[in-house]
Amino acid sequence: MRTIPATSLAALVALSTTPVLAGGFDTPVADAPAPTAPPPPAPLPALGGDWTGAYGGVQLGYGDVNGSGAADGDDVLGGVHLGYNYDFGTFVLGGELDYDFADIDLNGAASVDSVARLKLKAGYDFGPALGYVTAGVADVDTSIGSESGEFYGIGVAYQITDRYVVGAELLEHSFDDIGGSGVDADATTLTLRGSIRF
């Protein structure tokens, strides 16, 4: 029978009791950091602004009238407006009264003195900007009488501050048989507007 020399046995015992180097059992191993959840995404900025409230202001622009026969003319016009908007989030609904003073000569056949409008407005809230369509009833006062008709158009408004708004509006009007004279007229107005929100 073979026997293990005492020196070999002592070396084997010594190896089994020495710590293992470079990450052996006696060397503590640092725990890997626990995975962390990514931070929540930053909230998106609100798309819409706040257009709810009353406003009033002035407008200045240009009117072009095409009437029956030679009753055509164009000139400057200007006036005042008063309205109210309600902002539903990104959809805005509103109503407005406006009045334009005018002195548009229609080639001597007549002259346009003023136009009053009752408007319904519906628009999209882009934040500080509002784009809208509008339609309603208009009443024109001329030297041959007055007449009610309809109009439609588009507009844009921009909030310079929470209180001050500037904008522009393009409207198309239609009037039949003004003052019972048999004169029909179509009119286009383009105005620049300035308003104060209350």
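Biologist: Of the 198 residues of the protein, how many per cent count as buried?

Modeller: In this predicted model, 33% of the 198 residues count as buried.

Biologist: Which secondary structure elements does the protein contain, and in what pattern do they follow one another along the sequence?

Modeller: The protein has 1 helix and 8 strands. Read along the sequence, the order is α-β-β-β-β-β-β-β-β.

Biologist: How should I read burial for a single residue, for instance glutamate 169: is it buried or exposed?

Modeller: The general idea is a cut-off: a residue is called buried under 20% relative accessible area and exposed over 50%, with partly exposed in between. Glutamate 169 has a relative accessible area of 2%, so it is buried. This residue is found in strand β7, which spans residues 164-175.

Biologist: Which side chain does glutamate 169 meet in a polar contact?

Modeller: The side chain of glutamate 169 is joined to that of lysine 119 by a polar contact of 2.4 Å.

Biologist: Which residues gather in the patch of negative charge on the surface?

Modeller: The patch consists of Asp74, Asp75, Asp103, Asp105, Asp113, Asp139 and Asp141.

Biologist: Which strands each supply at least two residues of that negative patch?

Modeller: They are β2 (72-87), β3 (91-105) and β5 (129-142). Aspartate 74, one of the patch residues, lies in strand β2.

Biologist: Why can aspartate 74, with its relative accessible area, be counted in such a patch?

Modeller: Patches are made of residues with over 30% relative accessible area and no salt bridge. Aspartate 74 meets the area condition because its relative accessible area is 44%, and this value makes the residue partly exposed.

Methods: Residues numbered from 1 in each chain as written. Predicted model: local features only at pLDDT ≥ 70, side-chain atom pairs only at ≥ 80, totals over all residues. Heavy atoms only, no water. Patch = residues over 30% accessible without salt bridge, like charges linked within 9 Å, V, L, I, M, F, W, Y side chains within 5 Å. Areas by Shrake-Rupley, 256 points an atom, 1.4 Å probe, with all protein chains shown as cover. Salt bridge = Lys/Arg side-chain N within 4 Å of Asp/Glu carboxyl O. Lys, Arg positive; Asp, Glu negative; His and termini not counted. Charge placed at Lys NZ, Arg CZ, Asp CG, Glu CD. Helix = DSSP H or I, 4+ residues; strand = E, 2+ residues; numbered from the N terminus. Buried < 20%, exposed > 50% of the residue type's maximum accessible area, 1.4 Å probe, protein only. Polar contact = N/O pair within 3.5 Å; in protein donor to acceptor, adjacent residues only side chain to side chain.
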